[in-house]
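Please look over the model shown here, with its sequence, before turning to the questions and answers that follow.

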Amino acid sequence: MAFSLFFPGRRDCRKLSGEIPRRFSTSFWAHPWVSATVLDVHLDPEAGEGSRKPERIESEAAAICRTLRAHGAGPSSLVLDLGCGPGLYAELFAEKGHTVTGVDISKTSIDYARKSAKNKGLHVNYIKANYLNINLEPDKYDLIVLIYTDLGVLIPSEREILLK
């Protein structure tokens, strides 16, 4: 059995061999083919399906940092980026002086993010994990972000886990 992953606005539709998932869960994103395909889309500046366009990412990250400052957090605030993907937002937070931890289930995205941060001289603590299963210290972070559509792809029981 095969199913296709299609991103509107792109010419390619890639087929994935294997069993069709019975439900769309977080484990779907860890599949190597899905992970690589999604990374390609995240890094395509013309695509809006994987990540927003670079100028919008920069604008949103700047707005988040301004909001953080407006609420009394300093430039070295602790920021947790859940579902960080290739680190597009995490790097911008780090550039502003924040201490950033990024968590993503995709090994492909985390490997890319680590390499990108290193090449830019940024320190971001990237963790390859399902953010639903990690143990976080209570009240450690000044800001926790879950950007774009991550919450929307979780099934209701996974949303409950995340929001606790």
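## Salt bridges, strands and a helix

Q: In this predicted model, which lysine meets the side chain of Glu91 in a salt bridge?
A: The side chain of Glu91 takes part in a salt bridge with an N to O distance of 2.6 Å. The pair links distant parts of the chain, with Glu91 in helix α4 and its partner in the loop between α5 (107–119) and β5 (124–128), 29 residues apart. The lysine on the other side of this salt bridge is Lys120.

Q: Is Glu91 buried or exposed?
A: The cut-off for a buried residue is a relative accessible area under 20%. Glu91 has a relative accessibility of 6%, and therefore counts as buried.

Q: How many salt bridges does the model contain?
A: Besides the pair of Glu91 and Lys120, the salt bridges include one between Asp111 and Lys107, at 2.6 Å from N to O, and one between Glu137 and Lys140, whose closest N and O atoms are 3.7 Å apart. The criterion asks for a side-chain nitrogen of Lys or Arg within 4 Å of a carboxyl oxygen of Asp or Glu. By this rule the count is 4.

Q: What separation along helix α5 lies between Asp111 and Lys107?
A: Asp111 is partly exposed at 34% relative accessibility, whereas Lys107 is exposed at 52%. Because the two residues are 4 apart in helix α5, the separation between them is about one helical turn.

Q: Which residue of the salt bridge between Glu137 and Lys140 counts as exposed?
A: Lys140 has a relative accessible area of 34%, and is therefore partly exposed. An exposed residue has to be over 50%, and at 52% relative accessibility the residue that counts as exposed is Glu137.

Q: How many of the 5 residues of β3 are buried?
A: Strand β3 covers residues 78–82 and includes Asp81, which counts as buried because its relative accessibility is 2%. Leaving aside neighbours within four places in sequence, Asp81 is in contact with Tyr89, Ala90, Thr101, Gly102, Val103 and Val145. The strand is largely enclosed by the rest of the structure, since the number of its residues that are buried is 4.

Q: In what sense does β3 pair with strands β4 and β6?
A: Strand β4 (residues 99–104) is joined to β3 over 5 bridges, and Leu80 has Thr101 of β4 as its bridge partner. Strand β6 (residues 143–146) is joined to β3 over 4 bridges, with Val79 standing opposite Leu143 in β6. The sense is parallel for β4, and for β6 it is likewise parallel.

Q: What is the handedness of the β-α-β unit made by β3, helix α4 and β4?
A: Helix α4 spans residues 88–95, and the strands of the unit, β3 and β4, pair in the parallel sense. The β-α-β unit made by β3, α4 and β4 is right-handed.

Q: How far apart are the end C-alpha atoms of helix α3, and what span is expected for them?
A: Helix α3 runs over residues 54–70 and so has 17 residues, for which a rise of 1.5 Å a residue gives an expected span of 24 Å. The distance between its end C-alpha atoms agrees with that expectation, at 24 Å.

Q: What arc around the axis of α3 do its buried residues cover?
A: The buried residues in α3 are Ile57, Glu60, Ala61, Cys65 and Leu68. They lie on the same side of α3, because the arc they cover around the axis is only 135°.

Q: Which exposed residues are carried by the face of α3 turned away from its buried side?
A: The buried residues of α3 are covered by elements that include β3, α4 and β6. The face turned away from that buried side carries the exposed residues Glu55 and Ala70.

Q: What is the distance in space between Gly74 and Gly97, C-alpha to C-alpha?
A: Gly74 lies in the loop between α3 and β3, and its relative accessibility of 32% is why it counts as partly exposed. Gly74 and Gly97 are 23 residues apart in sequence, while the C-alpha to C-alpha distance in space is 9.1 Å.

Notes:
Residues are numbered from 1 along each chain as its sequence is written. This is a predicted model: local features need pLDDT of at least 70, side-chain atom pairs count only at pLDDT 80 or more; totals for chains, interfaces and linings use all residues. Side-chain values use heavy atoms; hydrogens and water are left out. Buried means under 20% relative accessible area, exposed over 50%, partly exposed in between (1.4 Å probe, protein chains only). Contact means heavy atoms within 4.5 Å. Two strands pair if DSSP finds at least two bridges between them. A crossover is right-handed if, with the strands pointing away from the viewer, the path from the first strand over the helix to the second runs clockwise. The expected span of a helix is 1.5 Å times one less than its number of residues. The arc is that of the directions from the helix axis to the C-beta atoms.
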